[in-house]
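Hello,

Here is the structure we talked about. Please open it first, then read the notes underneath.

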Amino acid sequence: MNDTLTLTGVVATDPQARTTTSGIPMTSFRLASSQRRFDRAAGRWIDGDTNWYSVTAFRHLGTNAGRSLVKGDRVVVVGRLKIRRWEQAERSGSSVDLEADTIGHDLSWGTSVYSRVRTTSAEPASTAEESFPDALPDAGAEAFSAPPREQEPVPF
């Protein structure tokens with residue numbers, strides 16, 4: 001199975017940044033995803049069952065995820081779903097993994113400051129500036145960051 005899936009949830013473990021034996025940077029973490037629903041009898045929002053996913057990001061995404069994410073962050077992850085059966089001694093089960101194609105902070109719950117990473121000479125000859133000559137230069141996060149504000153999350 002190789003399905004593309006979009007998940008929202010909480011980074012439930014400290015992201016672990018490593019390098020594979022072949023030298024590819026990667027970051028992995030566990031994602032907790034809960035459905036929220038409004039309980040009319042109680043008059044409040046409640047969390048439903050929690051689904052757990054192992055998320056792995058490779059290459060530039062892995063490097064940037066390792067530098068950007070911390071346990072407790074609310075994120076949106078798009079990636080390829082892989083379900084694996086496992087057996088160990090007398091135990092067996094399933095592992096639900098997501099190989100991430102993209103990861104971002106869930107702005108329904110807070111604000112984020114974006115900082116563009118410039119790559120080295122290994123970058124392809126055609127860059128965004130060459131493809132879009134009218135694009136704004138990277139002015140840095142301080143030029144575009146809004147002042148912090150207190151905001152309650154908007155339940156969906």
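What is the mean pLDDT of the protein chain, and what share of its residues reach 70 or more? The mean is 81, and 74% of the residues reach 70 or more. Keep in mind that this is a predicted model. One stretch needs care: over residues 125-147 the pLDDT is below 50. Beyond near neighbours in sequence, that stretch has eleven contacts in the model.

Now the overall layout. The protein chain has three helices and six strands. Reading from the N terminus, the order is β-β-β-β-α-β-β-α-α. The chain holds 156 residues, and 22% of them count as buried. Take the contacts with a separation of 6 or more: 57% of them join residues 24 or more positions apart. The exposed surface of the protein chain comes to about 11,600 Å². Carbon and sulfur atoms supply 50% of that surface.

Next, the charged pairs. Side chains of opposite charge can pair when their charged atoms come close. How many salt bridges does a search of the whole structure find? It finds four. Three of these are described below, pair by pair.

E99 and R80

- The two side chains meet in a salt bridge, 3.1 Å from N to O.
- E99 sits in strand 6 (residues 91-105) and R80 in strand 5 (residues 74-88), so the pair ties together parts that are 19 residues apart in sequence.
- E99 is partly exposed, at 26% relative accessibility.
- R80 is partly exposed too, with a relative accessible area of 26%.

R80 and D101

- R80 also forms a salt bridge with D101; the closest N and O atoms are 3.0 Å apart.
- R80 is in strand 5 and D101 in strand 6, so this pair ties together parts that are 21 residues apart in sequence.
- D101 counts as partly exposed, at 42% relative accessibility.

R80, E99 and D101 are thus linked in a network of salt bridges.

D97 and R84

- Their side chains meet in a salt bridge, with 3.1 Å from N to O.
- The pair links distant parts of the chain: D97 in strand 6 and R84 in strand 5, 13 residues apart.

Is D97 buried or exposed? D97 has a relative accessible area of 15%. The cut-off for buried is under 20%, so D97 counts as buried. Its partner R84 is partly exposed, at 45%.

When you look at the model, start with strands 5 and 6, where R80 and D101 pair.

Best wishes

Notes. Residues numbered from 1 in each chain as written. Predicted model: local features only at pLDDT ≥ 70, side-chain atom pairs only at ≥ 80, totals over all residues. Heavy atoms only, no water. pLDDT = per-residue confidence, 0-100. Contact = heavy atoms within 4.5 Å. Helix = DSSP H or I, 4+ residues; strand = E, 2+ residues; numbered from the N terminus. Buried < 20%, exposed > 50% of the residue type's maximum accessible area, 1.4 Å probe, protein only. Areas by Shrake-Rupley, 256 points an atom, 1.4 Å probe, with all protein chains shown as cover.
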